[in-house]
Amino acid sequence: MFAIITIRSLTRIRAGVMRLALLFLSLIAVATVFAAADTKPPVPEFNRDIRPILVENCYACHGPDSAARKADLRLDVREDAIKADAFIPGDPDNSPLIDHIFADKMPPKKTGKTLTMQQKETLKRWIAAGAEYQPHWSFIAPKRVSRDAQPSQRSAWARTPIDDFVLGRLNAAKLKPAPEADRRTLARRLSLDLIGLPPEPDNVEKFVNDSSPDWYEKYVDQLMASPHWGEHRGRYWLDAARYADTHGIHFDNYREIWAYRDWVIKAFNDNMPFDRFTLEQLAGDLLPQPTLEQKIATGFNRCNITSNEGGAIDEEYLVLYTRDRTETASVVFLGLTTGCAVCHDHKLDPLSQREFYSLAAFFNNTTQKAMDGNIPNTPPVMNVPRVEDRPRWDVVNTEMTQVSTQLQQRRHAVRPEFDKWLKNPSADVLAAMVPTYRMSLHMPLNEGKVKAVRA
């Protein structure tokens with residue numbers, strides 16, 4: 001479910017990172033287009049021009065908070081604002097909202113807020129254009145902007161579409177691009193960005209003296225082939241997954257969950273497809289015939305803090321664990337701060353309290369107990385052998401299963417014979433069958449008749 005909702009356009013981790021960067025740059029580009037254009041003011045856009053004005057000056061009294069809302073007027077929802085006759089789309093002259101702000105009745109003086117004339121005119125033009133609303137930008141699918149449509153002046157400096165966006169904004173601000181960095185500086189920047197470590201001197205010299213046309217790309221590929229790439233990128237993921245080597249509170253016992261950390265690092269280094277990266281962490285153990293690695297991946301759901309504090313209530317902590325897993329998965333995979341919906345319908349994101357607990361029901365299906373028992377590794381746990389031992393580990397497990405089956409079959413086969421034999425022998429016969437080799441102490445149960453004999 002999560003993979004379809006959140007990462008349909010992302011196929012691999014590296015591609016996902018780059019496309020997210022392009023999304024943010026695209027948003028900057030939109031501002032660049034209008035800032036650089038010396039033409040008639042464009043139609044105000046809700047997210048870019050209107051929402052900031054309403055959030056700063058109006059939402060405190062006429063926004064999503066029902067407890068603080070005044071005059072039963074809600075301006076953050078278009079249908080509610082129109083129903084309350086706040087404005088008439090296309091007719092600013094007959095819209096009470098425009099009358100109030102131009103008469104300086106709104107926002108009230110006691111709030112300390114003041115609208116500039118430019119902001120007032122912007123609101124008026126927005127209503128004249130139809131007063132269209134937009135969801136938060138994160139819910140709007142990004143659109144590719146044509147490179148030729150950018151207002152930046154073509155130059156040798158702009159080598160990529162991203163350069164066009166940057167150059168357009170620089171031109172609008174009447175700034176010039178900084179000179180290109182020398183290769184030694186680039187080598188250091190690339191190394192710190194991609195693997196989080198300073199570059200090796202020998203690699204820097206090769207980079208500086210490389211005369212091939214793809215000298216830059218070759219160095220990037222070299223860095224991304226390093227195991228440190230996964231360590232560097234993985235540490236950001238592990239922070240979001242609240243990974244830690246201890247329980248987190250009270251006795252803060254050691255937690256042996258480093259196998260999950262290594263799984264994340266390997267996933268980045270292997271460039272695992274993001275949909276698989278998502279699925280295995282959320283429900284790897286529910287896949288058909290899950291592998292050991294897929295079970296390890298579900299450590300994502302076991303990174304929550306745990307407790308064994310004497311005054312803790314089991315049911316309360318089970319709810320807290322479920323809430324933690326729900327909020328973490330929502331932030332990491334959906335990009336939503338769903339925690340607000342724990343207490344009420346979300347005021348900013350389209351998420352109800354009922355939807356939060358419907359999602360939480362999935363994360364409530366766990367066998368983890370409320371109290372961790374003040375022990376290092378809280379059940380349920382799984383033994384994870386070292387990579388070099390896993391072939392033999394699988395063989396031994398198979399052999400143990402076979403031996404266990406054979407023992408069980410033997411028990412059933414000899415049971416009738418044993419039961420028949422058990423009816424015949426006397427106590428003396430049985431006593432004579434007890435092994436005496438290296439016996440340290442013999443204590444018969446017929447007390448008062450035979451003294452204990454020390455061997």
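In which sense, left-handed or right-handed, is the crossing where α9 passes α10? The crossing is right-handed, and this briefing returns to that helix pair below. Please keep in mind that the model is predicted. The protein is built from 19 helices and two strands, and 31% of its 455 residues are buried. Among contacts with a separation of 6 or more, 56% join residues that lie 24 or more positions apart.

**How α9 packs against α10 and α12**

- Two packed helices are described by the angle between their axes and the distance between the axes.
- For helix α9 (residues 183–194) and helix α10 (residues 201–209), the axes come within 9 Å and the crossing angle is roughly 130 degrees.
- That angle makes α9 oblique to α10, since it falls outside the range over 145 degrees that counts as roughly antiparallel and the range of 65 to 115 that counts as roughly perpendicular.
- On the α9 side, the contact is made by R183, R184, L186, A187 and L190, and they meet V204, E205, F207 and V208 of α10.
- Sorted by class, this contact of α9 with α10 has six nonpolar and three charged residues, with no polar ones.
- Helix α12 (residues 227–240) also packs with α9, at an angle of about 60 degrees and with the axes 8 Å apart.
- The pair α9 and α12 is therefore oblique as well.
- Here L192, D193 and L194 of α9 make the contact with W229, H232 and R233 of α12.
- This contact of α9 with α12 divides into three nonpolar, one polar and two charged residues.

**The nonpolar cores**

- In soluble globular proteins, nonpolar side chains tend to be buried together.
- The largest nonpolar core in this model has 37 residues, and the members that touch the most others are L194, W237, Y260, W263, F277 and F300.
- Helix α13 (residues 258–269) gives the most to this core, contributing six residues.
- A second, separate core holds 20 residues, including L73, F87, I101 and L123.
- W263 is worth a look in the viewer: setting aside neighbours within four places in sequence, W263 is in contact with M272, F277, E280, Q281, E293, I296 and A297.

**Two helices with buried residues**

- Helix α14 (residues 274–283) is largely enclosed by the rest of the structure, because seven of its 10 residues are buried.
- The buried residues of α14 are F274, F277, T278, E280, Q281, L282 and A283.
- Of these, F277, E280 and Q281 also appear among the contacts of W263.
- In helix α3 (residues 46–57), the buried residues are F46, N47, I50, I53, L54 and N57.
- An α-helix has 3.6 residues a turn, so residues three or four places apart point the same way.
- The buried residues of α3 pack against α4 (59–62) and α7 (117–128).

**A buried serine in a loop**

- S307 sits in the loop between α15 (292–297) and α16 (314–334).
- S307 counts as buried because its relative accessibility is 1%, and the cut-off for buried is under 20%.
- H250 is 57 residues away from S307 in sequence, yet their C-alpha atoms are 6.6 Å apart in space.
- Apart from neighbours within four places in sequence, S307 is in contact with I249, H250, Y317, Y321, A370, M371 and D372.

Terms used. Residues are numbered from 1 along each chain as its sequence is written. This is a predicted model: local features need pLDDT of at least 70, side-chain atom pairs count only at pLDDT 80 or more; totals for chains, interfaces and linings use all residues. Side-chain values use heavy atoms; hydrogens and water are left out. Buried means under 20% relative accessible area, exposed over 50%, partly exposed in between (1.4 Å probe, protein chains only). Helices (H or I, at least four residues) and strands (E, at least two) are DSSP runs, numbered from the N terminus. Axes are lines fitted to C-alpha atoms, for helices over the stretch in contact, and angles run from 0 to 180 degrees between N-to-C directions. Angles under 35 degrees count as roughly parallel, over 145 as roughly antiparallel, 65 to 115 as roughly perpendicular and the rest as oblique. A crossing is left-handed if the near helix is turned anticlockwise from the far one by less than a right angle, and right-handed if clockwise. Contact means heavy atoms within 4.5 Å. Ala, Val, Leu, Ile, Met, Phe, Trp, Tyr, Cys and Pro count as nonpolar, Asp, Glu, Lys and Arg as charged, and the others, Gly among them, as polar. A nonpolar core is a set of buried Ala, Val, Leu, Ile, Met, Phe, Trp, Tyr and Cys residues joined through side-chain atoms within 4.5 Å.
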